[in-house]
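The exercises below each set a task and then work through the solution step by step. Please keep the sequence and the structure in view while reading.

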Amino acid sequence: MKRLFSILTAILILLVCMSFIFHIDRPENQQKQSSATYSNNAEIQREPDTTVTIDGVDYYKSGAATGKFGGELFISTIGEGPKTFNPFNSMDATSTIMGGIMYDGLLTSNPSTGEVIPLLAKSYSISPDGKTYTINLRKGVKWSDGKPITADDVIYTYKEIIFAGLGNTSTRDMMVIDGKLPEIKKIDDYTVQFILSKPFAPFLRQLSTPIAPEHIFKPVSDKGSDCFNTFLSTDINPEKLVTSGAFRLKEYVPAQRVVFERNPDYYKINSKNEKLPYLDKLVYFIVADLNNEILKFEAKEIDIISLRGSNVARYKEKEPRSDYTVYNIGPDTGTMFISINLNNRKNNDGKYYVNPIKQAWFKDKNFRAAIDYALDRKSMVMNIASGLGVPLFTAESLNSIYLNKSVKGHNRDLNKAKELLLQSGFYYDKKGRLRDKNKNYVEFDLYTNAGNTEREALGVMVKQDIEDLGIKVNFKPIEFNSLVNKLVNTYDYDMVIMGLTGSPLEPHSGKNVWYSTGPLHMFNQRPAGYKIDDRLQMEKELDYIFDEGALKTNFKDRKELYDRYQEIIYNEKPMIYLYSPIRIIAARNRLKNLYPTPLSGIGYNPDEIYIEE
C-alpha cells in the first residue's frame, strides 16, 4: 500500500509540475536547468558590482536594478527564534542569520558563481607563495554609532575573539594549520595582513566571518568567556547594538517576531549613488512549524516561503491566478541524515553517556549497515517530498563540486539487512523480535526536533522501516534546544534525525563535523579538552583527510582526498544520509531584485530588494 500511494503521488506531481522536473546527474546540468525555469524579475540581468569613491568613502556600488525606497519585507523562521544576537556565540541557524544581517565580514561569496568577493574589504591580494593575505578595507565606512570601521576592529576580532576561543570556536578550528593559527598584523589604519605557515586552500572563505566593533566588544571580552557568552543576549535593548550591516535591530518579541530597520548610513549604494537598502523594515515572523508558515503565507503575512511535498503541486497550479511566482532552485545545499551515537565514554558521575548494551550494537559496523539497508529512501522522497527529491548517500550535497559520484548507494534490501545482523550474532526469537547474542531485545530511541513536520514525518517512516527488522524504535520529537543540548553537551541520545547546512564549494566548512575534536562531531562527541588517543580508525583517517585537504591548493588533489572521506562515511555509516529535496520557493511578485541561484536561493540580498505594489 505504501508503494502504491507513492506511485500515485508521483504521478500527480509529474502531471501538475511537469515544468519543474529537475535532472540531477551533474552540477552543471543542475545550474542550466534551474536558470531556465526562472521567470519575471529573475530574467533581469544585473550589472557587475563595483567600488566607487565619493567624498573619501569607498562605497560598494550594487549592480542590481535601481528600485524604490520604502516598504517592508516579511519572512519567517521556524522554531523558537534566535538564541543570541552575538554572531560569535551563535550555534543555531536562526541566530546565525540574524547575526549576518547586522554584522558584515571582510569578504563574501558571489551568490551565482561562489567566487570570493570583497565586502567590508575594498580589495584583497594573495602573495605568490600563497601564505600572505593582504586585506584593504573600505575607507570612510562607519559603525551604526558613527565611529569608523578600521584595521583595529579586524585585528581585535581575530586576535581577541576568534583566535582567543571566545564563543563558538568553529571559525578558529577551521583556521588551524598544523596546530598553528595565522598571524595577523596591522599595516595601517585600513590594511591588515594574515600570514599563514603554509598555503591553506579554505582560508579565504573564512574571512567572511563578521567583524566586531572593538569599542563595544572589548570591555566585555576583557572580562572573560562567562561575560562574553551572555553578551548581546536576546533581552538586550536594541538601541545598544552597534552594527555594520544593512539593517539594525529594531524590536524582538520572543516567539513572535524579530524586526530590523534600515541602516541609514550603510556603505552600499545603487546606480544613482543613493544609499541602500531600499526597505524600511525587514521582519522575521517566528513560526512554530511548517504548517503555520504555510498559513501565514496564504494569509499574505509573509512574502517568501520554501515549499515542501504536495504543496508544490497546489501552489504551481494556482500560480497563474496568484500574486506569487514559484521558483525551482535546484537540490538543497544542506544534507539530511541519521546520526548514530558511538560515544563509549563516561560522564563526571561515572555513568556511560550511552547504555553499554546499546554501545555494543552501535559500534558494530554490520548493525549500522543493516539500519542503512532497511531504509526506503525512494518512499521517503515520494511520500514526504512528493517526488521532488533524490535519495542521498553522501556527506556532500548533490550540487557540491566535490561530490563523489562513484558512491552510488543502493535500494532498500531487508534480506541484506537481516543477513548482516545474523553475521554479527543477532537472532530472532519465536515472535520475530531481534535479540543480540546476549539475549537482549534490540530497542533504542530516535530523536528529532519537534515542529519540523518534514523531520517528524521522516521519523515516522524511519521508525517503520527499522521496525521491519524486528527492532523496537521509540521515536521522540523534542524541542530544538533540548535536542542540540543532547548532541553537543550531554551526549545522551541513541540516534537522531538532523540536517546541516553546508557549502557546495568548500568541504573544509564541514571540519567541525568530521574532525575528531570538532564541536559538531556528533556521532562521537568529546568533551572540550578531551584527549583523542581513543580515536576510531575512521576518525584517524578523517582527521588526516581534513588536515591534508586544506593544505592542497590543486583542485584535483583536494578532490581525491574528499572523495575518500565520502567513501569512509558511506562504508562506515556513523551518519546515514537520507535524501536531498529539490528547493521550490514561492515569492510575492511585489518583490523586485530577486536573483534566484542554485547556490544561494532567493532573498539572500535584502539590501537590494525593493517593493513594487
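**Exercise 1.** Which residues does threonine 394 touch, not counting residues up to four places away in sequence?

*Solution.* Before starting, note that this is a predicted model, in which local features need pLDDT of at least 70 and side-chain atom pairs count only at pLDDT 80 or more, while totals for chains, interfaces and linings use all residues. Residues are numbered from 1 along each chain as its sequence is written, and side-chain values use heavy atoms, with hydrogens and water left out.

Step 1: find threonine 394 in the loop between β17 (389-391) and α14 (414-423), where helices (H or I, at least four residues) and strands (E, at least two) are DSSP runs, numbered from the N terminus.

Step 2: list the contacts (heavy atoms within 4.5 Å), and the residues that threonine 394 touches are Leu403, Asn404, Val407, Gln566 and Tyr577.

Step 3: look at its relative accessibility of 4%, because of which threonine 394 counts as buried, the term meaning under 20% relative accessible area with a 1.4 Å probe and protein chains only.

**Exercise 2.** Determine which residues line the largest cavity, and how they divide by class.

*Solution.* Step 1: a cavity is a set of points on a 1 Å grid over the protein atoms alone where a 1.4 Å probe fits but cannot get out, and lining residues have an atom within 4 Å of a point.

Step 2: the count comes to two cavities of 30 Å³ or more, and about 60 Å³ of space lies in the largest cavity.

Step 3: its lining is made up of Asp372, Arg377, Leu392, Phe393, Ile569, Tyr570, Lys573, Met575, Ile576 and Tyr577; β23 gives the most, with three residues.

Step 4: sorted by class, the lining has seven nonpolar, no polar and three charged residues, where Ala, Val, Leu, Ile, Met, Phe, Trp, Tyr, Cys and Pro count as nonpolar, Asp, Glu, Lys and Arg as charged, and the others, Gly among them, as polar.

**Exercise 3.** Work out in which order the three strands of the open sheet lie, and which of them stand at the edges.

*Solution.* Step 1: the order is β1-β2-β12, with mixed pairing, and β1 (50-54) and β12 (268-269) stand at the edges with a single partner strand each, so one side of each is left without a neighbour in the sheet; two strands pair if DSSP finds at least two bridges between them.

Step 2: follow β1 and β2 (residues 57-61), which pair in the antiparallel sense over five bridges, and find isoleucine 54 opposite valine 57 in β2.

Key
1 Å grid on protein atoms, 1.4 Å probe; cavity = no way out; pocket = protein on both sides within 12 Å on 5 of 7 lines; lining within 4 Å. Points joined across faces, edges and corners; volume = space filled by probe spheres on them. Buried < 20%, exposed > 50% of the residue type's maximum accessible area, 1.4 Å probe, protein only.
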